[in-house]
Each structure stands twice: as C-alpha cells, then as structure tokens.
Amino acid sequence: MSNLTKPIARVSRSRILLLLILFLQTLLVNAQTRTVTGKVQHSETGEALPGVTVTLKNSSVATSTDESGAFSIQVPATGGVLVFTAVDFKAREVQIGQSNTLQVSLEHQAAGLGEVVVIGYGTVRKSDVTGSVVSLKAKDLTPGANVSVEQTLMGRASGVQIYQKSGEPGSAMSVKIRGASSITAGNDPL
C-alpha cells in the first residue's frame, strides 16, 4: 500500500468500529424496555372503554386507550405498575408480570350530585370552590314584565352588575361580574 491509502484504511476501520459500538449500545438500551399491550373494558358490561389513561407509576410514561379500548406502552424489562384512570371509573393499579398482554376491567363509580358544583368554566367539588357561588331559583326571581333574562337577574346576585347601556327602551344590557377585569379587552363576560 502506498502512504496515502494507509491512513484512509485506518480511518475506515475506526469508523466501522465506532458504528458497531453505537449499534450494540442501541440494542442494549432497547433490551431494557419492553412493550406491553392490552385492552380495557367495563367490569359489568364488558364494553371496551376508550380514552382511559394508562400511566407507568412514578414516571412520565403514559398513553390512552383507543376507540376499541386497546393500548400499547413501553415499560422497563423488570416490570412495574400500570395505573388506569378514567372519568366516572375507579382508578386501578395493575402489577406488570412477565406477560406482555393485559386484560383490565374498570369498575364504574358514580359521584353524588350534591358534591359537584357546575361553574362557568367547568365542574368542581363543592368543598373546593374558592370563589363566590350564587344559586337563584325561579321563585326568587321577580315575576312580571321583564323583557330579558338580564332584567330578571338585576339586583339578585352579589358581585354581578347589570345595567342598561342607554336610556332607550329595549337597548342592550351590560353584565359585569366582580367589576372590570381587563385593561385591553372587553370587560363583559357574557
């Protein structure tokens, strides 16, 4: 070989050795995890449950079930615990054994209506409400010649300011909750 081909052959061998080491390292990393698949169903009816969150406990690895209740998740080769959660169902923890396939049933859990308060942007438990909640019943509203719902609510809920924008009959009403809330945008929440 000439003096020029010797360094090229040495570089090629070192590159091949480096690629081989990287390939083996990738195989070792992938050997430390495995894929677990399964199906989640309702415990009473046996129907598939879509949208169930499947989380590997004490990690950020998570997935959710598809429309047929099926899921697939990467877990450590040594195992772990999968946590299954869904709205209106009891959370369930399942120990991952040697099997790569799971069948999980979730039990229905009904929440009492007295425990939940529906607010303008969602639902919360009654004990967790931090703001003011006002409940008006039909008997509390003024019967008579009210033209709109706003006029019916006027003066009935604390912190809600309802007034007519102009003196014209039938003109628009303005509703403000707890005063002005925006500097750059409109202040009318409704």
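Start by selecting Arg-92 and Ser-105: a polar atom of the Arg-92 side chain sits 2.9 Å from the backbone oxygen of Ser-105. Keep in mind as you go that this is a predicted model.

**Stop 1: around Arg-92**

Stay on Arg-92 and colour by secondary structure; you will find this residue in strand β6, which covers residues 89-96. Is Arg-92 buried, partly exposed or exposed? Its relative accessible area is 36%, so Arg-92 counts as partly exposed. Now show what surrounds it. Setting aside residues up to four places away in sequence, Arg-92 touches Leu-82, Val-83 and Phe-84, and also Val-104, Ser-105 and Leu-106. For a distance label, pick the C-alpha atoms of Arg-92 and Val-104: they are 12 residues apart along the chain and separated by 8.8 Å.

**Stop 2: the loop before β6**

Next, select Asp-88, in the loop between β5 (80-86) and β6. Check its backbone torsions: phi is near 70 degrees, a positive value in a residue that is not glycine. With 44% relative accessibility, Asp-88 is partly exposed.

A second residue of this kind is Asn-58, whose phi is near 60 degrees, again positive and again not in a glycine. Look for Asn-58 in the loop between β2 (53-56) and β3 (62-64). Its relative accessibility is 77%, so Asn-58 counts as exposed.

**Stop 3: a buried arginine**

Now go to Arg-34, in strand β1 (residues 33-42). Which side chain of opposite charge is nearest to Arg-34, and how far away is it? It is Glu-93, at 16 Å; Arg-34 is buried and has no salt bridge. Turn on polar contacts and look at the backbone instead. The Arg-34 side chain reaches the backbone oxygen of Gly-97 at 2.6 Å, and one of its polar atoms lies 3.3 Å from the backbone oxygen of Gln-98.

To see the rest of the surroundings, display the contacts of Arg-34 beyond four places in sequence. One group includes Ile-73, Gln-74, Val-75, Pro-76, Ala-77 and Gly-79. The others are Ile-96, Gly-97, Gln-98, Ser-99 and Asn-100.

**Stop 4: Ser-72 on β4**

Select Ser-72, in strand β4 (residues 70-76). At 42% relative accessibility, Ser-72 is partly exposed. Add Thr-35 and draw the C-alpha to C-alpha distance: the two are 6.7 Å apart in space, with their positions 37 residues apart in sequence. Leaving out neighbours within four places in sequence, Ser-72 is in contact with Thr-35, Val-36, Thr-37 and Thr-63.

**Stop 5: a nonpolar patch**

Switch to a surface view and select Leu-17, Leu-20, Ile-21 and Phe-23, which make a nonpolar surface patch of about 410 Å². Leu-20 belongs to helix α1 (residues 5-31). Its relative accessible area is 46%, so Leu-20 is partly exposed.

**Zoom out**

Finally, show the whole protein as a cartoon. How many helices and strands are there? There are 2 helices and 11 strands, and from the N terminus they run α-β-β-β-β-β-β-β-β-β-α-β-β. Of the 190 residues, 18% are buried. The accessible surface comes to about 13,900 Å², with 56% of it belonging to carbon and sulfur atoms. If you draw a contact map, take the contacts between residues at least 6 apart in sequence: 36% of these join residues at least 24 apart.

Methods
Residues numbered from 1 in each chain as written. Predicted model: local features only at pLDDT ≥ 70, side-chain atom pairs only at ≥ 80, totals over all residues. Heavy atoms only, no water. Helix = DSSP H or I, 4+ residues; strand = E, 2+ residues; numbered from the N terminus. Buried < 20%, exposed > 50% of the residue type's maximum accessible area, 1.4 Å probe, protein only. Lys, Arg positive; Asp, Glu negative; His and termini not counted. Salt bridge = Lys/Arg side-chain N within 4 Å of Asp/Glu carboxyl O. Polar contact = N/O pair within 3.5 Å; in protein donor to acceptor, adjacent residues only side chain to side chain. Contact = heavy atoms within 4.5 Å. Patch = residues over 30% accessible without salt bridge, like charges linked within 9 Å, V, L, I, M, F, W, Y side chains within 5 Å. Areas by Shrake-Rupley, 256 points an atom, 1.4 Å probe, with all protein chains shown as cover.
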